[in-house]
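Grab your viewer and try a few short exercises. Each one comes with a worked solution, so have a go before reading on.

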Amino acid sequence: MQYTISATAFFAILIVIRLRRRTEARRRTDEAFTVFAAVVFGVLIAATTWGHTILQLVGIAVEATH
């Protein structure tokens, strides 16, 4: 049996693990890597149907606040 994981799922897990750490314990390079991972996750998820759904929900929330 072989297990596979997509790059999007990998970055999502990585971001959750990185953000659970205490803020005081982070260095500038740790913060930069977390931001980089979040940007890569955003790029990977943007083309999926889940990404389009999130974009629509954010658009609805923005219109509701105006």
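Contact here means heavy atoms within 4.5 Å. Keep in mind that this is a predicted model.

**Exercise 1.** Find Thr34 and work out which residues it touches, leaving out those up to four places away in sequence.

*Solution.* Start with the location: Thr34 sits in helix H2, which spans residues 28-46. Next, check the accessibility. Buried means under 20% relative accessible area, so Thr34, at 9%, counts as buried. Now apply the contact cut-off: with residues up to four places away set aside, Thr34 touches Arg18 and Leu19.

**Exercise 2.** Is Val43 buried or exposed, and how far is it from Thr8 in sequence and in space?

*Solution.* Val43 also belongs to helix H2. The exposed class begins over 50%, so Val43 at 59% relative accessibility is exposed. For the distance, go C-alpha to C-alpha: Val43 and Thr8 are 9.2 Å apart in space, with their positions 35 residues apart in sequence.

**Exercise 3.** Work out how the axes of H2 and H3 cross, and which residues make the contact.

*Solution.* The two axes come within 7 Å and cross at roughly 105°. Angles of 65 to 115 degrees count as roughly perpendicular, so that is how H2 runs relative to H3. On the H2 side, Phe41, Ile45 and Ala46 make the contact; H3 supplies Trp50, Gly51, His52 and Ile54.

**Exercise 4.** Follow Trp50 to the surface and say which patch it helps make.

*Solution.* Trp50 lies in H3, residues 49-65. Its relative accessibility is 53%, so Trp50 counts as exposed. Together with Ile54, Val58 and Val62, Trp50 makes a nonpolar surface patch of about 370 Å².

Terms used: Residues numbered from 1 in each chain as written. Predicted model: local features only at pLDDT ≥ 70, side-chain atom pairs only at ≥ 80, totals over all residues. Heavy atoms only, no water. Patch = residues over 30% accessible without salt bridge, like charges linked within 9 Å, V, L, I, M, F, W, Y side chains within 5 Å. Areas by Shrake-Rupley, 256 points an atom, 1.4 Å probe, with all protein chains shown as cover. Salt bridge = Lys/Arg side-chain N within 4 Å of Asp/Glu carboxyl O. Helix = DSSP H or I, 4+ residues; strand = E, 2+ residues; numbered from the N terminus. Buried < 20%, exposed > 50% of the residue type's maximum accessible area, 1.4 Å probe, protein only. Axes fitted to C-alpha atoms, helices over the stretch in contact; angles between N-to-C directions. Parallel < 35°, antiparallel > 145°, perpendicular 65-115°, else oblique.
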